[in-house]
Amino acid sequence: MRIDIISIFPEYFDVLDVSLLGKARQSGLIDMNVHNLRDFTHDRHRTVDDTPYGGGAGMVMKPEPWGEALDSVLGSEPTAVSEDSPLVIFPSPAGDVFNQAMARELSQEKSLVFGCGRYEGIDQRVFDHTATRARVRLVSLGDYVLNGGEVAVLAMIEAIGRLIPGMVGNPDSLVEESHEDGLLEYPSYTKPQTWRDLEVPAVLRSGNHGAVDAWRREQQIERTRRVRPDLLGEA
């Protein structure tokens, strides 16, 4: 998979060189490129924002540097949009809510481009024009507002990247995680058997795999009912 990220703070993404994502980059499993939006400005202050038309608080990111940055990633020649076109994702509170199902869907893509907005957002014409030559999707990390798109993009890349075949050593571990089947994950335990007067549940020490599976399923349902009852209907 190829991943391109456009941001005015490219240093945010240095963390992608560590852990499993870093190994995936080194092995060539992921081709990741970070682009500084300010490199596509042409004034001495490297300006990427201006006051909003119609008035209002804050600043809006200008279309010119975004257009040139996206040209450098997508190509400047017009092309017809198809299922094989790159998918350009802009983190936005106005977008579809990101979840595990979306992460799995996006992990099947060949090319993802993330555009990290700041201030009061990006000029709407950037989304409209980009949609004429690539697939565009606005995605929200949740019902809250961040200072910029970088944190949201990091979270999305982490969730998407670990689902790419070959990323995680034991792929079976992905199946039992929270949200994979619509429920939250069951509690986990390891050695020692007793820690600070707290015991590992007897069923997990019984060797009865059927009983263990049943207990874990019950724990998933109970935890989901208690913490995220809204998921039970979907599950």
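**Stop 1: the pocket**

Start at strand β5, which gives the lining of the largest pocket its largest share, five residues. The model you have open is predicted. Select β5 as residues 87-97. Then add α4 (124-130) and β7 (135-140). Each of these three elements supplies at least two residues of the lining.

How many residues line the largest pocket? The answer is 26. To find its centre, select P91, S92, P93, G117 and L146, the lining residues that lie nearest to it. The space in this pocket comes to about 450 Å³.

Now colour the lining by class. Nonpolar residues number 14 and polar residues ten. Two charged residues complete the lining.

**Stop 2: the whole protein**

Zoom out. You should find seven helices and nine strands. The C-alpha trace spans about 70 × 40 × 35 Å along its principal axes. The protein has 235 residues, and 38% of them are buried.

Look at how the chain meets itself. Take the contacts between residues at least 6 apart in sequence. Of these, 75% join residues at least 24 apart.

**Stop 3: the open sheet**

Show the strands as arrows. Five of them form an open sheet, and the pairing is parallel. Read the order across as β2-β1-β6-β5-β7. Which strands stand at the edges? They are β2 (31-36) and β7. Each has a single partner strand, so one side of each is left without a neighbour in the sheet. Tilt the view to see the twist: neighbouring strands of this sheet are turned by 30° against each other on average, direction ignored.

Walk across the sheet from β2. Strand β1, residues 2-7, pairs with β2 over six bridges, in the parallel sense. Select I5 and find its bridge partner, V34, in β2.

Next, go from β1 to β6. Five bridges join these parallel strands. Click I3 to see one pairing: its bridge partner in β6 is L112.

Then step from β6 to β5. Three bridges join this pair, which also runs parallel. Here V88 has V113 of β6 as its bridge partner.

**Stop 4: inside β6**

Stay on β6 and select residues 111-115. Is this strand enclosed or open? Five of its five residues are buried, so β6 is largely enclosed by the rest of the structure. Check both faces. S111, V113 and G115 are on one side, L112 and F114 are on the other, and all are buried.

Now pick S111 alone. Why does S111 count as buried? Buried means under 20% relative accessible area. S111 has 18% relative accessibility, so it counts as buried. Leave out residues up to four places away in sequence, and S111 touches R2, P86 and L87.

**Stop 5: a helix across the sheet**

Select helix α2, residues 63-74. Which strands does α2 lie across? They are β1, β2, β5 and β6. Compare directions too: α2 runs at about 165° to β1.

**Stop 6: V203 and its neighbours**

Finish at V203. This residue lies in the loop between β9 (198-199) and α7 (209-227). Ignore its neighbours within four places in sequence, and V203 is in contact with A211, V212 and W215. Draw a distance line from V203 to W215. These two are twelve residues apart along the chain, and their C-alpha atoms are separated by 7.6 Å.

Methods. Residues are numbered from 1 along each chain as its sequence is written. This is a predicted model: local features need pLDDT of at least 70, side-chain atom pairs count only at pLDDT 80 or more; totals for chains, interfaces and linings use all residues. Side-chain values use heavy atoms; hydrogens and water are left out. On a 1 Å grid over the protein atoms alone, a cavity is a set of points where a 1.4 Å probe fits but cannot get out, and a pocket is an open set with protein on both sides within 12 Å along at least five of seven lines; lining residues have an atom within 4 Å of a point. Grid points are joined across faces, edges and corners, and a volume is the space filled by probe spheres set on the points. Helices (H or I, at least four residues) and strands (E, at least two) are DSSP runs, numbered from the N terminus. Ala, Val, Leu, Ile, Met, Phe, Trp, Tyr, Cys and Pro count as nonpolar, Asp, Glu, Lys and Arg as charged, and the others, Gly among them, as polar. Buried means under 20% relative accessible area, exposed over 50%, partly exposed in between (1.4 Å probe, protein chains only). Contact means heavy atoms within 4.5 Å. Two strands pair if DSSP finds at least two bridges between them. Axes are lines fitted to C-alpha atoms, for helices over the stretch in contact, and angles run from 0 to 180 degrees between N-to-C directions.
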